[in-house]
Amino acid sequence: MARFEFAYFLAITLAMLFRVYNADAGKSVQSGQSSNATCNIDRLQTVVGLDNSASLIQKAIKDSSSNDTAAVSQLKAAANGIQSAQAGVDTILQALVTGQAPPANARQQVGDGIDAAGAALISAFGNSTTSALSADIADAQSAVAGTLAAGIRVVSDCT
């Protein structure tokens with residue numbers, strides 16, 4: 001499944017880059033939405049960060065013990081937040097590939113999903129009963145924080 005997602009992402013990214021650099025593309029892309037290299041790097045870091053965050057959250061869930069029911073509940077909430085953010089990214093990528101501006105509600109969905117994941121991870125960390133699970137959650141928190149930073153850069157660099 002991860003290979004398919006990566007291949008899908010790669011195909012969309014290549015399509016975006018082709019559209020940006022192909023002088024014969026016909027229709028112009030909305031003012032700078034995908035022609036800014038810094039913007040595209042920020043977008044890539046956001047997508048990779050979401051994938052990494054999702055993997056680390058799933059690792060924490062898998063490594064948890066039966067005593068960690070409260071932490072696992074919060075980890076599942078964090079996973080849902082990341083899934084929501086990924087759905088928002090998919091909507092944005094579809095708009096960019098077709099030469100449209102990213103919908104504001106999709107940007108909001110990405111931000112809200114990352115924020116929800118971060119908040120849930122804070123709760124999960126507080127409910128963790130083992131140092132191993134706490135370490136897994138801390139890794140996931142770090143990934144989500146990095147993803148949030150990349151998302152903030154997207155908002156500032158992709159005008």
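The expected span of a helix is 1.5 Å times one less than its number of residues. Helix 5 makes a handy test of that rule in this predicted model. It runs over residues 131-157, and its 27 residues should therefore span 39 Å; the C-alpha atoms at its two ends are indeed 39 Å apart, in agreement with the rule. Helix 4 gets the same treatment: its 24 residues should span 34 Å, and its end C-alpha atoms sit 35 Å apart, which agrees.

Stepping back to the whole fold, the protein chain has five helices and zero strands, so the pattern along the sequence is simply α-α-α-α-α. Of its 159 residues, 37% count as buried. Contacts reach a long way along the chain: taking residues at least 6 apart in sequence, 73% of the contacts join residues at least 24 apart.

Back to helix 5 and what it hides. Its buried residues are Leu133, Ser134, Asp136, Ile137, Ala140, Ala143, Val144, Thr147, Ala150, Gly151 and Val154. An α-helix has 3.6 residues a turn, so residues three or four places apart point the same way. The cover over the buried residues of helix 5 includes helix 2 (37-63), helix 3 (69-97) and helix 4 (104-127). In helix 4, the buried set is Ala106, Val110, Gly113, Ile114, Ala117, Ala120, Leu121 and Ala124. Here the cover includes helix 2, helix 3 and helix 5, while helix 4 in turn is listed in the cover of helix 5.

A closer look at single residues fills in the picture, starting with isoleucine 82 in helix 3. Isoleucine 82 has a relative accessibility of 1% and therefore counts as buried, the cut-off being under 20%. Setting aside residues up to four places away in sequence, isoleucine 82 touches Leu50, Ser53, Ala54, Ile57, Gly113, Ala117 and Val144. Among these partners, Gly113 and Ala117 belong to the buried set of helix 4, and Val144 to that of helix 5. Isoleucine 82 also has isoleucine 114 at 6.0 Å, C-alpha to C-alpha, although the two are 32 residues apart in sequence.

Helix 2 supplies three more residues worth a look. Leucine 56 lies in this helix and counts as buried because its relative accessibility, 19%, falls under the 20% cut-off. Beyond its neighbours within four places in sequence, leucine 56 is in contact with Asp139, Ala140 and Ala143; of these, Ala140 and Ala143 appear among the buried residues of helix 5. Its C-alpha atom is 9.5 Å from that of alanine 79, which is 23 residues away along the chain.

Valine 48, also in helix 2, is partly exposed, with a relative accessible area of 47%. The C-alpha atoms of valine 48 and threonine 147 are 8.1 Å apart, with their positions 99 residues apart along the chain. Aspartate 51 is another residue of helix 2 and counts as partly exposed at 38% relative accessibility. Threonine 147 turns up again here: its C-alpha atom is 9.5 Å from that of aspartate 51, and the two are 96 residues apart in the chain. Threonine 147 itself is one of the buried residues of helix 5.

Helix 2 also takes part in a covalent link. A search of the whole structure finds one disulfide, formed by cysteine 39 and cysteine 158, whose sulfur atoms are 1.8 Å apart. The pair ties together distant parts of the chain, with cysteine 39 in helix 2 and cysteine 158 in the segment after helix 5, 119 residues apart. The link is right-handed, with 110 degrees about the S-S bond, and both cysteines are buried.

Finally, the pockets. The second largest pocket holds about 310 Å³ of space. It is lined by 17 residues, of which Thr46, Ile92, Val110, Gly151 and Val154 are the closest to its centre. Helix 2, helix 3, helix 4 and helix 5 each give two or more residues to the lining. By class, the lining has eleven nonpolar, four polar and two charged residues. Some of the central residues were met above: Val110 is buried in helix 4, and Gly151 and Val154 are buried in helix 5.

Conventions: Residues numbered from 1 in each chain as written. Predicted model: local features only at pLDDT ≥ 70, side-chain atom pairs only at ≥ 80, totals over all residues. Heavy atoms only, no water. Helix = DSSP H or I, 4+ residues; strand = E, 2+ residues; numbered from the N terminus. Buried < 20%, exposed > 50% of the residue type's maximum accessible area, 1.4 Å probe, protein only. Contact = heavy atoms within 4.5 Å. 1 Å grid on protein atoms, 1.4 Å probe; cavity = no way out; pocket = protein on both sides within 12 Å on 5 of 7 lines; lining within 4 Å. Points joined across faces, edges and corners; volume = space filled by probe spheres on them. Nonpolar A, V, L, I, M, F, W, Y, C, P; charged D, E, K, R; others polar. Disulfide = S-S within 2.5 Å.
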